[in-house]
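Reader: I should like a close look at one part of this model, a helix together with its surroundings. Please set out what packs there, and then how that part stands beside the cores and empty spaces of the whole.

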Amino acid sequence: MEHEIDIAPGVRLWAEERGDPDAAALLLVMGANASGLAWPDSLVDALARHHRVVRCDHRDTGRSTWSFDDDPYALTDLAADAVGVLDVLGVERAHVVGMSVGGMLTQLLLLDHPDRTVTATFIGTTPMSGGPTDPPFDLDPDVLAMWATMNEPRDREAELDWRVEHWRLLNGGRLPFDPGEFRRMEERIMAHAGRHDSPNAHARAGQEGFDRGAELAAVTTPALVIDSPADPLAGTASARHLASLLGNARLVTVPGLGHALPEAVVPQLAEVILGHTTPDAAGTSDSA
């Protein structure tokens with residue numbers, strides 16, 4: 001079931017639900033500049049066998065309103081958007097799974113809306129206080145070079161090539177990378193959005209409000225931090241640091257995982273997530 005949700009004056013978000021509407025809700029929060037369709041359908045369907053799964057397009061991605069150029073906002077405003085989606089859909093409490101910046105938004109939900117979260121799961125996420133060492137972080141120079149060209153205008157085919165190469169770098173080099181798989185995903189996202197230009201508003205949005213890492217120690221919501229050891233942005237050191245800051249967290253390693261979600265990792269990832277959100281149904285193994 002698809003929805004168009006008026007989240008703020010002049011801002012409408014696209015959202016989708018899958019699974020039993022009476023099951024425990026699970027909200028998927030994707031990373032910066034990424035449509036909700038970046039969550040693999042196979043993963044959504046696996047989670048939907050146990051949950052009412054909700055995913056959405058952030059502002060300035062996918063089918064949601066692209067408004068940043070006319071009405072700039074801070075990246076932290078996307079956390080309030082997530083709560084607004086739950087409100088409109090009548091979800092009082094949800095399991096929340098955040099990927100990358102979506103995991104930083106999930107940290108804000110734990111701090112500001114603990115009554116709305118049942119559990120939290122983090123994938124490829126750094127803590128709001130920063131990485132395990134002081135900045136600047138030692139990011140992959142090839143990724144940084146890609147980011148330097150993010151805002152450049154490209155035709156549809158060139159944009160597809162850029163996005164696929166970006167995913168190849170983010171994949172991390174340990175799990176197999178199928179460029180056709182990610183090209184099909186991005187073609188679908190372009191068709192979904194009705195446009196091919198780069199979604200880059202979140203790279204330009206204000207970063208203030210993410211300096212609250214010290215508050216995470218008081219969080220009592222059960223948290224799962226997934227260690228993605230091949231992640232060029234938020235690898236093992238970041239995962240361990242985040243888990244150490246959270247008041248009630250455990251760490252699980254998915255071998256070979258980078259900062260992308262290829263089909264090859266979906267069965268393992270679904271098992272790990274469901275082991276946290278529905279341990280009686282999925283088991284409680286700490287490895288995959």
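Author: The account below begins with helix α1, passes to the loop that follows and to a pocket, and ends with the cores and cavities. The model is a predicted one.

Helix α1 spans residues 41-48. Within this helix, L43, V44, A46, L47 and A48 are buried. These buried residues pack against strands β2 (11-18), β3 and β4 (52-56), and also against helix α9 (266-277). One of them, A48, belongs to a nonpolar core of 29 residues, a second core that is separate from the largest one. That second core also includes L28, L175 and L261.

In the loop between α1 and β4 lies H51. Is H51 buried or exposed? H51 counts as buried because its relative accessible area is 1%, under the 20% cut-off. Apart from neighbours within four places in sequence, H51 is in contact with R18, G19, D20, A23, A24, A25, L26, H95, L274, T277 and T278. Of these contacts, the one with T277 can be described in further detail. H51 and T277 are 226 residues apart along the chain, yet their C-alpha atoms are separated by 9.1 Å. Their side chains are joined by a polar contact of 2.8 Å.

Helix α1 also takes part in an open space. The second largest pocket has a volume of about 190 Å³, and the elements that give two or more residues to its lining are α1 and α6. Its lining comprises 13 residues, and P40, D41, M185, R188 and E263 are those that lie nearest the centre of the pocket. Helix α6 supplies the largest share of this lining, with six residues. By class, seven residues of the lining are nonpolar, one is polar and five are charged.

Helix α6 covers residues 179-193 and contains E186. This glutamate is classed as buried because its relative accessible area is 5%, which is under the 20% limit. Setting aside residues up to four places away in sequence, E186 touches L160, R163 and W167.

The wider interior may now be considered. The largest nonpolar core has 44 residues, and V85, F122 and L246 have the most contacts inside it. Helix α3 (residues 101-112) gives the most to this core, contributing seven residues. V85 touches I5, I7, L13, V54 and C56, when residues up to four places away in sequence are not counted.

Closed spaces are found as well. A search of the whole structure yields four cavities of 30 Å³ or more, and the largest has a volume of about 50 Å³. The lining of that largest cavity consists of L13, L27, L28, V29, C56, D57, H58, L78, D81 and A82. Strand β3 (25-29) and helix α2 (77-88) are the elements that give two or more residues to this lining. By class, the lining has seven nonpolar residues, one polar residue and two charged residues.

Several of these residues link the parts described. L13 and C56 line the largest cavity, and both are touched by V85. L28 is another lining residue of that cavity, and L28 is included in the second core, as is A48 of the helix with which this account began. Strand β3, which contributes to the cavity lining, is likewise among the elements against which the buried residues of α1 pack.

Terms used: Residues are numbered from 1 along each chain as its sequence is written. This is a predicted model: local features need pLDDT of at least 70, side-chain atom pairs count only at pLDDT 80 or more; totals for chains, interfaces and linings use all residues. Side-chain values use heavy atoms; hydrogens and water are left out. A nonpolar core is a set of buried Ala, Val, Leu, Ile, Met, Phe, Trp, Tyr and Cys residues joined through side-chain atoms within 4.5 Å. Buried means under 20% relative accessible area, exposed over 50%, partly exposed in between (1.4 Å probe, protein chains only). Helices (H or I, at least four residues) and strands (E, at least two) are DSSP runs, numbered from the N terminus. Contact means heavy atoms within 4.5 Å. On a 1 Å grid over the protein atoms alone, a cavity is a set of points where a 1.4 Å probe fits but cannot get out, and a pocket is an open set with protein on both sides within 12 Å along at least five of seven lines; lining residues have an atom within 4 Å of a point. Grid points are joined across faces, edges and corners, and a volume is the space filled by probe spheres set on the points. Ala, Val, Leu, Ile, Met, Phe, Trp, Tyr, Cys and Pro count as nonpolar, Asp, Glu, Lys and Arg as charged, and the others, Gly among them, as polar. A polar contact is a pair of N or O atoms within 3.5 Å; within protein, one must be able to donate a hydrogen and the other to accept it, and residues adjacent in sequence count only if both atoms are side-chain atoms.
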